[in-house]
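I am opening this notebook to keep track of what I look up, one entry at a time. The sequence and the structure come first, and my notes follow.

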Amino acid sequence: MEERKNCFQEYRQDGLIYYKIPLFEETGLVKTGFSTRIGGVSKEHLTSLNLGLKKNDARENLLENYHRICKALSINERDLVMTRQTHDDHIRLVTEEDKGKGLMKERDYDSVDALMTGERGLPMIIFSADCVPLYFLDTKQKAIALAHAGWRGTVKKIGQKTLFKMREAFGTNPKDVLLAIGPSIGKCCFEVDKDVVEEFERVFPFAAEVIEQVSEKKYHIDLWKTNELMMLEMGILEGNIAIASICTMCHKDLFYSHRGDHGKTGSLGAFLELV
Ligand SMILES: [Zn+2]
């Protein structure tokens with residue numbers, strides 16, 4: 001299989017389909033992963049590898065789904081630390097005592113859309129179904145982060161804020177950071193009204209580069225490019241960015257898509273662990 005460094009690599013194993021990030025994996029510092037909806041045991045609109053805890057899925061289904069995907073990624077599902085996402089911009093520094101918070105233990109925090117850690121053996125996961133998952137790896141200070149950037153999180157610049165927090169916590173220099181932008185809704189499908197366009201124009205000087213008017217009242221916005229440009233502004237190097245360039249709504253047979261499934265859908269997971 002041809003391996004392109006600056007994208008996501010698809011794997012098929014034991015009935016599962018999932019992705020890894022070669023740019024990150026080849027450093028030998030991390031385990032990476034992004035799940036699809038294929039290969040699990042959940043039923044109906046959650047078919048089949050739902051990872052969302054708030055989807056009224058049976059616990060036994062969730063445990064089996066986590067077991068399968070984590071086995072494929074060589075991650076210990078009992079140690080996974082989870083976000084509690086609210087489309088806001090709060091970032092949690094994850095430590096040993098957070099191990100297992102989410103699936104195995106109650107999360108004693110609220111409104112966390114990004115996680116970061118400098119500790120090895122602490123697997124983390126964030127959730128999405130169209131929203132943009134951002135992965136960070138500081139190869140020098142050996143620290144990682146994951147951020148959930150839907151359009152609201154993108155406008156709140158959660159990616160930039162995560163990088164600022166990494167600088168505070170680990171002394172991260174953006175030049176040492178690898179960034180990955182996971183499967184999520186593409187410009188092809190992310191259609192919005194003028195109100196969302198105005199938010200982007202207010203916040204991003206480069207808004208004209210990422211917004212396209214498609215009819216009198218409808219616009220398409222490129223969330224991948226918005227996040228990429230935002231992070232280039234921060235000093236991340238172009239060659240250090242991997243973009244999946246896979247639209248979850250165009251491929252809703254493969255992914256959960258909030259828009260594509262009209263809100264009735266499961267959750268995908270973005271995984272990252274320092275080894
Ligand atoms: Zn699309």
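Are the two faces of strand 9 covered or uncovered? I looked this up first, bearing in mind that the model is a predicted one. I found both faces covered, with Ala143, Ala145, Ala147 and Ala149 buried on one side, and Ile144, Leu146 and His148 buried on the other. The strand spans residues 143-149, and seven of its seven residues are buried.

**Entry: the partners of strand 9**

I next asked which strands pair with strand 9, and noted that strand 6, residues 114-117, pairs with it in the antiparallel sense over four bridges. Within that pairing I picked out Leu115, whose bridge partner in strand 9 is Leu146. Strand 8, which covers residues 132-138, also runs antiparallel to strand 9, and here I noted seven bridges. One of the bridge partners I recorded is Ala145 in strand 9, which is matched with Phe136. Strand 8 and strand 9 form a hairpin with four residues between the strands, where I saw that Lys142 takes a positive phi near 55°.

**Entry: the nonpolar core**

Which residues touch the most other members of the largest nonpolar core? I found that this core has 77 residues, and that the ones touching the most other members are Leu115, Tyr135, Phe136, Leu146 and Leu179. Two of these names were already in my notes as bridge partners, namely Leu115 and Leu146. I then followed Leu179 and, leaving aside its neighbours within four places in sequence, found it in contact with Leu134, Tyr135, Phe136, Met231, Ile236, Asn240 and Ile241.

**Entry: the open sheet**

I turned to a sheet of six strands, which is open, has mixed pairing and follows the order 1-2-3-15-7-4. Its edge strands are strand 1 (9-13) and strand 4 (81-82), each of which pairs on one side only. Strand 1 runs antiparallel to strand 2, residues 16-20, and five bridges join them. Among the partners in strand 2, I noted Tyr19 for Glu10 and Lys20 for Gln9. These two strands form a hairpin with two residues between them, and Asp14 in the turn has a positive phi of about 50°.

I also checked the other side of strand 2, where two bridges join it to strand 3 and the two strands run antiparallel. There I saw Tyr18 standing opposite Ser35 in strand 3. What lies across this part of the sheet is helix 2, residues 59-73, which crosses strand 1, strand 2, strand 3 (30-35) and strand 15 (268-274), and runs at about 45° to strand 2.

**Entry: the whole chain**

How many helices and strands does the protein chain have? I recorded seven helices and 15 strands. The radius of gyration is 17 Å, close to the 19 Å that the globule rule gives for 275 residues, so the chain is as compact as a globular protein of that length. Taken along the principal axes, the C-alpha atoms fill a box of roughly 50 × 45 × 40 Å. I noted that 47% of the 275 residues count as buried. Last, I looked at contacts between residues at least 6 apart in sequence, and found that 65% of them join residues at least 24 apart.

Key. Residues numbered from 1 in each chain as written. Predicted model: local features only at pLDDT ≥ 70, side-chain atom pairs only at ≥ 80, totals over all residues. Buried ≥ 20, exposed ≤ 12 C-beta atoms within 10 Å, placed from the backbone. Pairing = 2+ DSSP bridges. Contact = placed C-beta atoms within 7 Å. Axes fitted to C-alpha atoms, helices over the stretch in contact; angles between N-to-C directions. Core = buried A, V, L, I, M, F, W, Y, C linked by C-beta atoms within 7 Å. Rg over C-alpha atoms; globule rule 2.2 N^0.38 Å.
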